[in-house]
Amino acid sequence: MSTAARAAALREQLHQFGHQYHVLDAPTIPDAEYDRLFKELQALEAAYPELLTPDSPTQRVGGKPLDSFASVKHVVPMLSIRTETDTEASGAQAFDTRIRKELALTDADPLVDYVAELKFDGLAMSLRYENGVLVQAATRGDGEMGEEVTQNIRTIGQIPLRLPSDAPKVLEVRGEVYMARGDFEALNERQRARIAAGEKGEKTFVNPRNAAAGAVRQLDPTIAAQRPLSFFAYSLILPPKTQEGLGTILDNCSDGLTHHDIHTQGEALDQLREWGFPVCEHTEVVQGSAGLVAFHQKIAQLRDALPFDIDGVVYKVNDIQKQAKLGFVTREPRWAVAHKYPAQEQLTTVQAIEVQVGRTGKLTPVAKLAPVFVGGVTVTNATLHNEDEARRKDVRVGDTVVVRRAGDVIPEVVSVVLEKRLQDAHIFTMLHQCPVCGSPAVREEGEADYRCTGGLFCSAQRKQAILHFAHRRAVEIEDLGDKLVEQLVDAGVVKTLPDLYRMGFSALVTLERMAEKSANNVLASIEKSKQTTLPRFLFGLGIRHVGEATAKELARHFGKMDAIMDATVDQLLQVADVGPTVALSLRTFFDQAHNREVVEQLRACGVTWAEGEPTAGASLPLAGQTFVLTGTLPTLSRDEAKEMLEALGAKVAGSVSKKTHCVVAGAEAGSKLDKAQELGIKVLDEAGLLALVGEHTAE
C-alpha cells in the first residue's frame, strides 16, 4: 500500500471510530488503539505535508493562535425565533391558533403537524461544507455578520469534518454548541485546582453557556481543545438544484430542501443523522395544540434530569411548503416559535447574610435576597452552603449576584457581579457561637460545616432531639410521633427532654385532635419509657457520632453514666468502636453544663436504668465474633435476638462475609442463608440461638 493510500485509509478509519465514540456513544475500539492510529497518521502527515487535508482528524487540535477573528457574512441570515413569553400551556395553544389562522384552516381541516425540539442554552453555530468538507464555522453575531471560529469548532469531536459522498456539494448546517453539566463541573474543578496551585489568569465559570461561549471564542485552538464542548444540529440549508451556490433569498431555504427530496423538518433532521451529525433524541413530531402542550409539559418534567441546560422548547411547522407559505415577518420565521420555561437564573441583590441552624446543629450561611422570580417561584433566600463556599464565591452584603434555582433544588448564589460591588462591602465571617442558643460552634477536622454544640439545649434542634430520644431504639415512647412533637414544641409545652416527663393530662388534652383516650395513651407510653437501659439512654441523647453500637460499647466499658460523662479523651479511646472523632464529640457534649443538667433532670423525673461494674468487651464469651440475623424467628423479634447476642459481646452485622462466624436463620431466609451455606458458615435456628445464649449465660 502506498503512503498516500495508507494515509487515506487511516483518515477513513479514524473518522469512523470518532463518529462511533462522539456521536453514537458506542466506541468499538480501545482508546489506546485509537491513539496509536492517530499518531501514525500524524507521523505520515509530518513526513509528507502534501498528504495533509483539511478534513484530517489531526486537524481537530492544532493550528496557530489567532490575533483576532475574521468577520463572516452569512449567505442566508441566521434569524432569531419569536419567543412566546407565556410559560404556561396557553403559549403553545396560542401558536397553533395563529398558524391555523394564517394557513386559512377551518375546524374541519386536519391538525397541523409540528416538530417539537429543545431550546438549548448554548451558542448558535453555522457550519458550511463544500465538496463534503467543513470549510467554515461562524457564530450568529448580529444575524448578518458573525465571527469565523473554524479552528475551534474543528476540536469538537461530534462535528463531522467530512461528509459521506452522497452529500450535496454545498450545504449549511446550523445547530448549538453547548457544554454538558457534568463536563462543566469537571472543568470548574480543574480551574479551582489551578487557582489553588497559584496559576495566574485562571478563573471558574458562571454557567455552562458562558463556559462554552468562552471556549468557542478562544484565539488559541489548543486551549479550546481542552474545553469539553458538544454540538446538536437542528437546521439544514441546501441550495436549489438550479443554482451553484447557496441562495441569498430566504425562500431558497425551503426551495433547496424540497428540490433535494426533503419535504419536512423531520426529514431534514433524519438526513442530518444519516450524514453523521448529532441530533437531540428529545425531538418529536406532534399534532395540533394538544401535542405541543403535552411536549412542553413532558420536557418540563425532564428538564432538571437532562445532562445539559435548556431554557425552553421550539415548535416548527413540519411541512416545508407550509413554512414557505407562512414566510417571515421582521426577519423572524412565522412558522416557528420558542416557548420558554421560567428562568433558572436571575440577578438580584444580597440584603443580609444570616446563619441558620439546622435540626442536626449544622450552621448554614444564607443570603437574604431582594425578592426575585426565578425557576417558577419568588426567591428571597439562597444558601451559601458553608464558610468555605461563601468565601470562595466571596459573597458580601450589598452585592449583585446571580441566583439559580432548578426544579426543587434549594436556590443558591452562583456568582457575584464584581463590577457592581459597593466599596465598603465586608467579607463574610462565620459565627463561632450558635446564633440560637449561644453555645460554641465547632468545625471538626476534615469537615466543611460548623455545628452547634448546644445539643439538647438548643431550641433549633429541639424537635429532632425529642424525636430521636423517643425512637424505638432509644428510650422508646410509642405514642410520641412527628406531628405530636411539633404541636408540643410549637405550643411551648415541651422545651427540653425533661419537660416530656413533667407535662400532665391538661396540657395534652387541649391540643388539636387530642382526645382524652389519646392523651392517656401518650402519658402511659411516657411513663413506661422511664424504665430503660444505659445504652438506650445514651443513644437517645443524640450525641454526634454515637450510634447504637458505640453506646453499647461505652455502657459495657464504663458500666455507669457518670463514668462516661467524666471520662477523659484518653479514657474514651480505650473503648472498642471509639476513635478520636467520637471521643472528641463525647467530650464536647458533656463539657456543656446544660447537657449534663438535662441528664440530671431526667434522672430526677424518674428515668432509670440498670448500672453495673465495668466489663471489658474482650472478657465476654462471644467477644470478637460476628453474627448475622436473617429471616423471621418463631418467637424472638430481630431486636431481641440482637440484644441477646450483643450482651454476650458479639457483633451483629447486616451482611454475610468470610469474617462471619455464625448466621441465625428463621423462616423465609433468603440470599444471606444461601451465601452462608456456600461459604460453609455455621447456621443456627432460634432453638440453637437460645441454647447458645443459655450455655454462656449459665457460665
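**View 1. H339 is a buried residue in strand β13 of a predicted model**. The relative accessible area of H339 is 0%, where buried means under 20%, exposed over 50% and partly exposed in between, with a 1.4 Å probe and protein chains only. H339 lies in strand β13, residues 336-340; strands are DSSP runs of E with at least two residues, helices are runs of H or I with at least four, and both are numbered from the N terminus. The side chain of H339 makes a polar contact of 2.9 Å with the side chain of Y315. A polar contact is a pair of N or O atoms within 3.5 Å; within protein, one must be able to donate a hydrogen and the other to accept it, and residues adjacent in sequence count only if both atoms are side-chain atoms. The model is predicted: local features need pLDDT of at least 70, side-chain atom pairs count only at pLDDT 80 or more, and totals for chains, interfaces and linings use all residues. Residues are numbered from 1 along each chain as its sequence is written, and side-chain values use heavy atoms, with hydrogens and water left out.

**View 2. Strand β13 belongs to an open sheet of 5 strands**. The strand order is β2-β13-β10-β3-β9, with mixed pairing; two strands pair if DSSP finds at least two bridges between them. β2 (83-84) and β9 (284-287) are the edge strands, each pairing on one side only. β2 and β13 run parallel and are joined by 2 bridges, with T83 opposite A338 in β13. β10 and β13 are antiparallel and share 5 bridges. K316 stands opposite A336 in β13, and G312 has K340 of β13 as its bridge partner. Of the 5 residues of β13, 4 are buried. In a regular strand the side chains alternate between the two faces of the sheet.

**View 3. Strand β7 is covered along its residues and is bridged to β4 and β8**. β7 spans residues 170-178, and 9 of its 9 residues are buried. Strand β4 (residues 123-130) runs antiparallel to β7 and is joined to it by 8 bridges. R128 stands opposite E172 in β7. Strand β8 (residues 230-237) also runs antiparallel to β7, through 7 bridges. Here G175 stands opposite A233 in β8.

**View 4. F120 and F308 form an edge-to-face aromatic pair**. The whole structure holds 13 aromatic pairs. Rings of Phe, Tyr and Trp (its six-membered ring) pair if their centres lie within 6.5 Å; planes under 30 degrees apart count as stacked, over 60 as edge-to-face and the rest as tilted. The F120 and F308 rings are 5.8 Å apart centre to centre, with 65 degrees between the planes. This pair links distant parts of the chain, 188 residues apart: F120 is in strand β3 (residues 113-120), while F308 is in the loop between α10 (288-302) and β10 (310-317). F120 counts as buried because its relative accessibility is 8%. F308 is buried as well, at 6%. One aromatic cluster contains F120, Y178, F232 and F308.

**View 5. F589 and F590 form another edge-to-face aromatic pair**. Their ring centres are 5.0 Å apart and the planes meet at 90 degrees. F589 has a relative accessible area of 6%, so it is buried. F590 is buried at 1%.

**View 6. The largest cavity has a volume of about 50 Å³**. The structure has 2 cavities of 30 Å³ or more. A cavity is a set of points, on a 1 Å grid over the protein atoms alone, where a 1.4 Å probe fits but cannot get out; lining residues have an atom within 4 Å of a point. Grid points are joined across faces, edges and corners, and a volume is the space filled by probe spheres set on the points. Residues lining the largest cavity include E117, L118, F120, F232, A233, Y234 and H282. β3 and β8 each supply at least two residues of this lining. By class, the lining has 8 nonpolar, 2 polar and 1 charged residues; Ala, Val, Leu, Ile, Met, Phe, Trp, Tyr, Cys and Pro count as nonpolar, Asp, Glu, Lys and Arg as charged, and the others, Gly among them, as polar.

**View 7. The second largest cavity has a volume of about 30 Å³**. L456, R462, A465, I466, K495, T496 and L497 line this cavity. Helix α13 (residues 462-469) gives the most to the lining, with 3 residues. The lining divides into 4 nonpolar, 1 polar and 2 charged residues.

Note on methods
1 Å grid on protein atoms, 1.4 Å probe; cavity = no way out; pocket = protein on both sides within 12 Å on 5 of 7 lines; lining within 4 Å.
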